[in-house]
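Please look at the two chains below and consider how they pack and pair with one another. The questions that follow take up helices, strands and overall form in turn.

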Amino acid sequence: MTFDREKLTQHRANREAWERETLGPTLDKLPERKDRFVTQSSVPINRLYTPADVPDHDYDRDLGNPGAYPFTRGIHATGHRGRQWTMRMFAGFGVAEETNARFKYLISEGNMGLSVAFDLPTLMGYDTDAPEALGEFGSCGVAVSSLEDMEILFDGIPLEQVTTSMTINSPAAVLWAYYIAMAEKRGIDPARLRGTLQNDILKEFIAQKEYVFPPKPSMRLVTDTIEYGTRHLPEWNTVSISGYHIREAGSTAVQELAFTLADGLEYVRWSLERGLDIDEFAPRLSFFFNCHNDFFEEIAKMRAARRIWAREMRETFKRVIRGRG
Amino acid sequence: MRFHTQTAGVALTAQQPEVNVVRVAIQALAAVLGGTQSLHTNSLDEALALPSEHAVRIALRTQQVIAEETGVANTVDPLGGSYFVEALTDQTEAEVYAYFRRIDEIGGVLPAIEAGFFQQEIADASYRHQQEVDRGDRTIVGVNRYVTDEPLNIPILEMDPNGYQRQVERLRRLRERRDPVRVEQALNRLRNACDDQHENLMPYLLDAARSDVTLGETMAVMKQAFGLYQEPMSI
């Protein structure tokens, strides 16, 4: 990219000539199959894209090299050549023993990271034997009501070697406490634990509706976990800011991205108000996106996500960005 | 920005569930080309049940094929510089900033939640999409076109039928075994900390966890301190 003005003018003239001489007769012979071609999210897509569609593009400003600002081309200089993505299969059902067996099966088949699906009572903060939990046990995930359940869930799994993601929101801090307490009992320094807490309450209010407390105390809890993680579990991702559920609720790709990034910026503001240093906590905020059927729309969404987040961090919050974005 | 990706659960169909393997493969490929750090691939049976071991293995193998057979990871960001992909990336970015301005106009994320703004935007998009499907403007293979009446023939996960009893019994024994004084103290300290804005609750939750306080007991104290959320009726 980065085009010469003169060449661009020449290109536009060529393109107009092509439309007259080549495209026109083709359309006369064989009209297109539809009047409008749109993405999964109803965004209209043109017949053809050429340099004229990105006339002001500046490679170094808008794309940058991989691993460098604004991270459009990815956060690692070597992409997936150096660091393979983590194959992380979300799993959980029934009692802790059943899910433990599934985790071990997945690891034996080449799965690289764990991801816990909790059942609905756990997600809403109820013990399995609560009257509110009746009929909901174990059907969309595993039930974890205590430290003991957490210990059974991870029995025989080396916590210092795996990364564990936990999809839990309103009661996230409580389940995280079980995980940390389990590591302590095994003699593992919590500072060495690696994993991710979903802990994204804003998207619960927006889309998934598994909230318990009102927004302000909910945000206090999230900020407490960000603060605690920054000080004591520096390798733990304290929030996984999630577009997934927004998309599943029927949003467009743009809405998924816009609302998720807006949520992310809100967590940043609350953490700054708490007096935390953005260069310390922001690298531990991670994101979680959906990937729907429309191939290029999803790829564009992910590339735009990195660029917008990098720009907001640097320009709005003056974060010093070193690697990874 | 590091991110995890999951293929779209809503794109899975209960009809002809084997076809989901193809959908998931294409979605997963997009996630890899989009530069994801972590990936979950849905299982073919997830529109019907919790995934069986067989279905989960195929979903995992899908990632392994992308990683090890297709060559898409041989170079960094192979789509970078595509006129189409760059134009669509720019357009996505511009539309995201337009939403940021609307959210700012409402006063920020929390006021926008309380006003039902996000919820309404999503509901409108979802309704438009469903109408397009219902009118047949959008094809869903095996659902509104290419339909078959072949009976379903995939294994469904069977769970331990005694799981619930086992879990309830385990909780009962835990409550009998633990030190009731420690439990009471941990809950009292947590209660006080909830009322003090300057306290970080994590040390108190850790103390409760170490004292074998259950999830429900912990949450009950916090519910008393914080109250419960009711969604605005505007939507």
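Q: Which helices of chain A do the buried residues of H6(B) pack against?
A: This is a predicted model, in which local features need pLDDT of at least 70 and side-chain atom pairs count only at pLDDT 80 or more, while totals for chains, interfaces and linings use all residues. Residues are numbered from 1 along each chain as its sequence is written, and chains are lettered from A and ligands numbered from 1 in the order in which they are written. Helices (H or I, at least four residues) and strands (E, at least two) are DSSP runs numbered from the N terminus, and two residues are in contact if their C-beta atoms, placed from the backbone, lie within 7 Å. On these terms, the buried residues of H6(B) pack against two elements of chain A, helix H4 (96-108) and helix H6 (147-153).

Q: Within what arc do the buried residues of H6(B) fall?
A: A residue is buried if 20 or more other C-beta atoms lie within 10 Å of its own, exposed if 12 or fewer, and partly exposed in between, with C-beta atoms placed from the backbone. Gly163(B), Tyr164(B), Gln167(B), Arg170(B) and Leu171(B) are buried in H6(B), whereas Gln165(B), Glu169(B), Arg172(B), Arg173(B), Glu176(B) and Arg177(B) are exposed on the other side. The buried residues line one face of the helix, because, seen down its axis (the arc being that of the directions from the helix axis to the C-beta atoms), they fall within 130 degrees.

Q: How many residues does each chain give to the contact, and which helix of chain A gives the most?
A: The contact takes 117 residues from chain A and 97 residues from chain B. By class, the side of chain A that touches chain B has 63 nonpolar, 32 polar and 22 charged residues, where Ala, Val, Leu, Ile, Met, Phe, Trp, Tyr, Cys and Pro count as nonpolar, Asp, Glu, Lys and Arg as charged, and the others, Gly among them, as polar. With 16 residues, the element of chain A that gives the most to this side is helix H13 (residues 295-316).

Q: Which strands form the edges of the open sheet of nine strands?
A: Two strands pair if DSSP finds at least two bridges between them, and the open sheet, with parallel pairing, has the order S5(A)-S4(A)-S3(A)-S2(A)-S1(A)-S2(B)-S1(B)-S7(A)-S6(A). Strand S1 (residues 86-91) of chain A pairs with strand S2 (residues 38-40) of chain B over two bridges, with Ser38(B) as the bridge partner of Thr86(A). Each edge strand pairs on one side only, and these strands are S5 (236-237) and S6 (239-242) of chain A.

Q: Which residue of S1(B) does Cys291(A) stand opposite?
A: Seven of the seven residues of strand S7 (residues 285-291) of chain A are buried, so this strand is largely enclosed by the rest of the structure. Leu285(A), Phe287(A), Phe289(A) and Cys291(A) are buried on one side, and Ser286(A), Phe288(A) and Asn290(A) on the other. S7(A) pairs in the parallel sense with S6(A) over four bridges and with strand S1 (residues 3-7) of chain B over five bridges. In that strand of chain B, the residue opposite Cys291(A) is Thr7(B).

Q: How many other C-beta atoms lie within 10 Å of Ala172(A)?
A: Ala172(A) is found in helix H7 of chain A, where 11 of the 14 residues are buried, so the helix is largely enclosed by the rest of the structure. Leaving aside its neighbours within four places in sequence, Ala172(A) is in contact with Leu197(A), Gln198(A), Asn199(A) and Thr225(A). Ala172(A) is itself buried, and the number of other C-beta atoms within 10 Å is 25.

Q: What is the radius of gyration of chain B?
A: Chain B has nine helices and two strands, and its C-alpha trace spans about 65 × 50 × 40 Å along its principal axes. The globule rule (2.2 Å times the number of residues to the power 0.38, with the radius of gyration taken over C-alpha atoms) gives 18 Å for 235 residues. Chain B is more spread out than a compact globule, because its radius of gyration is well over that value, at 25 Å.
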